[in-house]
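Biologist: Mind walking me through this one? I'd like to go over a few spots together.

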Amino acid sequence: MNSELFAELKKYREHSNKTTIKKMLRNPNLSNVFQKLSITELDVIALIADTNPKISDLLPHVNMTQGAVSKLVNRLVKNSFVEKYHKENNQKDTYLRLTALGKQAEKAHQQFHVELNKQLNQAVKNFSEKEIETATKVLKQINKVRDTLD
């Protein structure tokens, strides 16, 4: 593999948006309680916003055990981001939905992704369609290799 490409892929894999997201959550217009959220918690909040799932429905979307997801959800409940409820016709299963505070966190999380997408679009605007197509093919092949390792 081209060593420069390998170095860039390594840098990409190791990059974390954690600092950027934490900075965004320190926005004075948002509650200080947002600073307690982890990246994983924000991702779970996004999943809950989309579907009002059961805890077990979250498992295919996160790389965690059911016990770890349960603990994470309980933290979100304790910090008033999420609430648990039962459907009228199903008292067995516990479902999740966002509270008003959880909806605020999800809105901030979405705004982060909007800004990130703007920056990414800006970063690739000077490349031709052919160059983007080639880069896409390379990344698809790399992702196929990574998928076999999971």
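Biologist: Does Leu-72 count as buried or exposed?

Modeller: First, a heads-up: this is a predicted model, where local features need pLDDT of at least 70, side-chain atom pairs count only at pLDDT 80 or more, and totals for chains, interfaces and linings use all residues. Residues are numbered from 1 along each chain as its sequence is written, and side-chain values use heavy atoms, leaving out hydrogens and water. Buried means under 20% relative accessible area, exposed over 50%, partly exposed in between (1.4 Å probe, protein chains only). Leu-72 comes in at 2% relative accessibility, so the label is buried.

Biologist: Which residues is Leu-72 in contact with, leaving aside neighbours within four places in sequence?

Modeller: Leu-72 sits in helix 5, residues 66-78, helices being DSSP runs of H or I with at least four residues and strands runs of E with at least two, numbered from the N terminus. Its C-alpha atom is 7.0 Å from that of Glu-41, though the two are 31 residues apart along the chain. Taking contact as heavy atoms within 4.5 Å, the list is Thr-40, Glu-41, Val-44 and Met-64.

Biologist: How far apart are the end C-alpha atoms of helix 3?

Modeller: The expected span is 1.5 Å times one less than the number of residues. For the 13 residues of helix 3 (residues 39-51) that gives 18 Å, which agrees with the model's 19 Å.

Biologist: And in strand 2, what is the bridge partner of Glu-83?

Modeller: Strand 1 (residues 82-87) and strand 2 (residues 90-98) run antiparallel, joined by 5 bridges; strands pair if DSSP finds at least two bridges between them. A hairpin links them through 2 residues. The partner of Glu-83 is Arg-97.
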